[in-house]
Amino acid sequence: MVEARREFILNAVIVLALFAVPLWALMAGEPFIISLATRVAILALAAVGLNIALGLGGMVSFGHALYFGIGGYCAGILAHHAFSGTPVAFGLSGTNQMLVIWAVAMALSGLVAAVVGALSLRTSGIFFIMITLAFAQMGFFFTLSWPAYGGEDGLPIFVRNQFPGVNTMRPWELFLLAFGVLLVALVVFAMLRASRFGAALMAIRQNPDRAAAVGISPFGVKLTAFVISGMLTGLAGAMMADLSRFTSPAMMAWTMSGELIVIIILGGVGRLCAPVLGAAILVGFETLFGGWTEHWQLWLGLVLLGVVLFARGGVIGLIAGREGHG
Amino acid sequence: MDSAVLELEGLCKAFGALKATDDVSLTLQPGEIHALIGPNGAGKTTLMAQISGAQAPDAGVIRFRGQDVTGLSVAQRARLGLGRSFQISSLIPEYSARRNVMLALQARQGHSYRFLWPVRHDRSLTGPARAILDRVGLGPRASVPAGVLAHGERRLLEIAIALALEPACFLLDEPMAGMGTEGVGRLVAFLRDLKQEAPILLVEHDMDAVFALADRVSVLVYGRIIATGTVGEIRANPEVRRAYLGDEEPAA
């Protein structure tokens with residue numbers, strides 16, 4: 001129980017820090033730092049999605065960039081048509097309303113995750129990793145050769161999409177929006193983990209034969225988790241496109257899938273705030289060392305190596321100890 | 001014989017040239033303990049795997065409460081009331097004993113797609129889990145993760161999980177394996193009570209326990225059932241003694 005309380009305090013510190021740093025930046029007049037914090041929040045959101053599949057369900061998806069990219073292209077394409085006043089397809093018009101874009105992004109990434117999951121969850125281990133990677137690569141090469149929406153040049157979003165009551169062009173307000181969505185996602189994750197569904201999912205990760213022997217079919221539970229996971233990562237993709245006002249095939253590249261996995265491993269697989277801490281470390285390294293040397297990923301790699309070798313529970317595991325399941 | 005809870009008819013399963021299960025038919029009647037014995041490699045584990053649904057037979061039919069379940073998955077059969085325990089303890093290692101039992105209870109209730117209410121405040125799970133753990137004598141160890149329980153305690157937790165399923169029959173695969181004399185004695189008394197709730201198909205190596213418990217015994221040798229009968233009949237059967245028990249009278 002000591003561990004649980006320590007993790008609770010640590011989580012509070014992590015979340016408050018993510019709020020406090022941009023707040024300080026706002027007062028100090030450093031909009032760049034606010035944007036960095038927004039990037040952390042959105043990457044964390046994408047990783048919360050992956051953490052459901054990977055952390056709770058033990059499904060090592062090496063293709064979550066697919067959903068991230070689908071979300072990004074939803075935002076880009078809908079905004080593109082809203083801007084040009086042309087219909088998307090079948091007479092449907094584009095939109096610059098984030099709420100609509102998010103709904104479309106989540107629905108579409110959920111749908112694709114259902115198809116990918118239904119086909120790949122019959123395998124496990126290295127085969128599952130490779131199949132999820134293959135699907136993401138299909139998406140990557142599809143967008144690369146999609147001239148209608150910029151092909152390899154990507155698709156710019158000229159005017160950031162709108163959210164009721166928020167001026168999305170102001171960095172602080174955009175940050176609050178991303179931070180709010182991240183908090184909701186963290187609550188969803190925590191509730192999911194504590195629920196009957198979470199109990200079944202984590203049991204299947206540890207011992208699928210036992211779960212089946214008490215009457216819980218592993219496939220259905222894993223597929224459901226995979227779809228929810230893809231939806232959250234898709235939502236993050238839509239928000240990331242709006243933050244950078246740009247969407248491109250790079251969002252679907254395998255390196256993006258790898259980054260999401262790295263974020264979770266750094267933070268601690270399956271831990272509630274691992275995505276936030278991991279994303280902060282990643283963006284921190286990128287910013288601190290990226291300006292100084294092109295080889296910042298080398299240093300990140302060393303940190304990752306250290307975590308994998310000496311702190312299997314990630315940084316959160318290192319500080320708060322092992323996780324208990326009462 | 002149509003009152004049988006579990007009925008195997010002409011079950012066959014081969015791995016290449018090896019006939020692991022060779023035309024096996026047996027029934028499990030209400031209120032009985034039917035023990036399945038046989039030397040190592042006789043095909044007991046393969047037979048249990050086919051009954052539980054982990055392996056598909058090449059031929060034959062498995063009927064459970066009158067329904068043909070031959071084509072159903074492990075989980076589907078479990079939901080119909082086929083409760084099994086594993087030969088090698090198969091638990092959720094990071095979950096406490098209590099959470100292991102609660103998982104079985106939630107599966108029994110059929111509600112694993114609930115996303116909001118936290119399980120640890122779910123009285124329909126925590127209450128019965130406590131009662132079941134007390135019943136098998138694991139009450140004081142309820143909060144200990146299954147992965148760090150002692151061997152004998154894990155065997156008991158296997159039983160507790162099977163109990164939580166309130167099955168129509170129990171498939172117990174060597175429940176006594178690796179238990180001390182005292183533990184075996186307690187478990188024998190427990191199983192004698194348990195058969196009042198649901199019949200038990202018992203695979204067991206401990207002959208003392210089998211002869212003390214079983215209402216009927218089937219002897220499996222090289223995938224075939226060479227004899228089925230009461231303990232007395234099996235002990236007196238010359239073919240069984242030759243093939244399995246050895247010529248000496250086994251210790252009673």
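Helices, in the sense used here, are DSSP runs of H or I of at least four residues, numbered from the N terminus. The structure on display is a predicted model, and the tour below proceeds from chain A, across the interface, to the sheet of chain B.

**Stop 1: helix H12 of chain A**

Select residues 296-310 of chain A, which form helix H12, and find A:Leu302 within that helix. A:Leu302 has a relative accessible area of 46% and is therefore partly exposed, since that class lies between the 20% and 50% limits. Now add A:Leu26 to the selection. A:Leu302 and A:Leu26 are 276 residues apart along the chain, and their C-alpha atoms are separated by 33 Å.

**Stop 2: helix H1 of chain A**

Move to residues 2-28 of chain A, helix H1, and highlight A:Val21. With a relative accessibility of 41%, A:Val21 also belongs to the partly exposed class. A distance drawn from the C-alpha of A:Val21 to that of A:Pro87 spans 41 Å, for a sequence separation of 66 residues.

**Stop 3: the loop after strand S4 of chain A**

Strand S4 (246-247) and helix H10 (254-267) of chain A are joined by a loop that contains A:Ser248. Is A:Ser248 buried or exposed? Its relative accessibility is 10%, so A:Ser248 counts as buried. Display its surroundings: leaving aside residues up to four places away in sequence, A:Ser248 touches A:Tyr73 and A:Gly154.

**Stop 4: cysteines in both chains**

Select A:Cys273, which is buried at 2% relative accessibility, and then B:Cys169, which is buried at 0%. How many disulfides are there over all chains? The count is 0.

**Stop 5: the interface between chains A and B**

Show both chains together. In this interface, 28 residues of chain A are in contact with 35 residues of chain B. The two chains bury about 2800 Å² between them, and 56% of that area is on carbon and sulfur atoms. The interface has 3 salt bridges. One of the salt bridges between the chains can be found by selecting A:Arg196 and B:Asp122, whose closest N and O atoms are 3.0 Å apart.

**Stop 6: the sheet of chain B**

Hide chain A and display the strands of chain B. An open sheet of 6 strands runs in the order S6-S7-S8-S3-S9-S10, with mixed pairing. Which strands lie at its edges? They are S6 (82-85) and S10 (224-229), each of which pairs on one side only. From one strand to the next, the twist averages 15°.

Next, centre the view on strand S8 (residues 200-203) of chain B. S8 pairs in the parallel sense with strand S7 (residues 169-173) over 4 bridges, and S3 of chain B likewise pairs with S8 in the parallel sense over 4 bridges. B:Leu202 is a useful residue to label: it is the bridge partner of B:Leu172 and also of B:Ala35. Both faces of S8 are covered, with B:Ile200 and B:Leu202 buried on one side and B:Leu201 and B:Val203 buried on the other.

**Stop 7: helices packed on the sheet**

Finally, add two helices of chain B to the view. Helix H1 (residues 44-52) of chain B packs on the sheet and touches S3 (33-37), S6, S7, S8 and S9 (216-221), its direction making about 150° with that of S7. Helix H6 (residues 181-194) of chain B also packs on the sheet, in contact with S3, S7 and S8, and its direction makes about 150° with that of S8.

Note on methods. Residues numbered from 1 in each chain as written. Chains lettered and ligands numbered in written order. Predicted model: local features only at pLDDT ≥ 70, side-chain atom pairs only at ≥ 80, totals over all residues. Heavy atoms only, no water. Disulfide = S-S within 2.5 Å. Buried < 20%, exposed > 50% of the residue type's maximum accessible area, 1.4 Å probe, protein only. Pairing = 2+ DSSP bridges. Helix = DSSP H or I, 4+ residues; strand = E, 2+ residues; numbered from the N terminus. Axes fitted to C-alpha atoms, helices over the stretch in contact; angles between N-to-C directions. Contact = heavy atoms within 4.5 Å. Buried area = accessible area lost by both parts, 1.4 Å probe. Salt bridge = Lys/Arg side-chain N within 4 Å of Asp/Glu carboxyl O.
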